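Work through the exercises below with the sequence and the model side by side, and try each task before reading its solution.

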Amino acid sequence: MQKPINSISSADLRRWAMECYDQAVNPRASGDERERLLKMRESLLILAEEQDWLNGKTKSPAGERASGESMAV
C-alpha cells in the first residue's frame, strides 16, 4: 500500500530526485526522456523543499523563488 502524499518525507523526495538524475545521465536515455527526467528531478527537489518548510525545518521556499531565485539543477 502506498503512503498518502502528505506523509512522504523530504528525504524520500530527494532520493527519488537522485534516481531521476541517475537515469537522465544514462547514455541510453533519449533526449526527450532525459529532459522529462530532469524536469521530474527539479519538481521533486522543489517538493522536498516545500515538505521541509511544512515540517518547520526551513524558511518559506516559495517566497525565495518568487523573488527571482531559482534552484540549481
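A residue counts as buried when its relative accessible area is under 20%, as exposed when that area is over 50%, and as partly exposed in between. The model used here is a predicted one.

**Exercise 1.** Decide whether D52 is buried or exposed.

Solution. The relative accessible area of D52 is 9%, and the cut-off for a buried residue is under 20%, so D52 is buried.

**Exercise 2.** Check whether the length of helix α1 agrees with its number of residues.

Solution. Helix α1 covers residues 10-24, which makes 15 residues. The expected span is 1.5 Å times one less than the number of residues, and for α1 this gives 21 Å. In the model the C-alpha atoms at the two ends of α1 are 21 Å apart, and therefore the expected span and the model agree.

**Exercise 3.** Find which residues of α1 are buried, and work out how they are arranged around the helix axis.

Solution. Begin with the list: S10, D12, L13, A17, C20 and A24 are the buried residues of α1. When one looks down the axis of α1, these residues fall within an arc of 160 degrees, so they line one face of the helix. The other side of α1 carries A11 and M18, which are exposed. As a last step, ask what covers the buried residues: the cover includes α2, which runs over residues 31-54.

**Exercise 4.** Name the residues of the largest nonpolar core, and say which helices supply them.

Solution. The largest nonpolar core has 9 residues in all, namely I8, L13, A17, C20, A24, L37, L44, L45 and A48. Helices α1 and α2 each supply at least two residues of this core. To follow one of its members in more detail, take C20, which touches L37, M40, R41 and L44 when residues up to four places away in sequence are not counted.

**Exercise 5.** Describe the surroundings of S10, leaving aside its neighbours within four places in sequence.

Solution. First locate the residue: S10 is found in helix α1. Next consider its accessibility, which is 7% in relative terms, so S10 is buried. Finally list its contacts, which are A48, Q51, D52 and K57 once the neighbours within four places are set aside.

**Exercise 6.** Trace the salt bridges that involve R14 and R15, and state how accessible each partner is.

Solution. Side chains of opposite charge can pair when their charged atoms come close. The structure holds 4 salt bridges, and three of them are followed here, one step at a time.

- R14 pairs with D52, and their closest N and O atoms are 2.8 Å apart. This pair links distant parts of the chain, since R14 lies in helix α1 and D52 in helix α2, 38 residues apart. R14 has a relative accessibility of 32% and so counts as partly exposed, whereas D52 is buried at 9%.
- D12 pairs with R15, with 3.1 Å between the closest N and O atoms. Both residues lie in helix α1, 3 residues apart, which is about one turn of the helix. D12 is buried, with a relative accessible area of 17%, while R15 is partly exposed at 39%.
- E19 also forms a salt bridge with R15, the closest N and O atoms being 3.4 Å apart. These two residues of helix α1 are 4 residues apart, again about one turn. E19 counts as partly exposed, at 38% relative accessibility.

Taken together, D12, R15 and E19 are linked in a network of salt bridges.

Definitions and conventions:
Residues are numbered from 1 along each chain as its sequence is written. This is a predicted model: local features need pLDDT of at least 70, side-chain atom pairs count only at pLDDT 80 or more; totals for chains, interfaces and linings use all residues. Side-chain values use heavy atoms; hydrogens and water are left out. Buried means under 20% relative accessible area, exposed over 50%, partly exposed in between (1.4 Å probe, protein chains only). The arc is that of the directions from the helix axis to the C-beta atoms. Contact means heavy atoms within 4.5 Å. A nonpolar core is a set of buried Ala, Val, Leu, Ile, Met, Phe, Trp, Tyr and Cys residues joined through side-chain atoms within 4.5 Å. A salt bridge is a side-chain nitrogen of Lys or Arg within 4 Å of a carboxyl oxygen of Asp or Glu.
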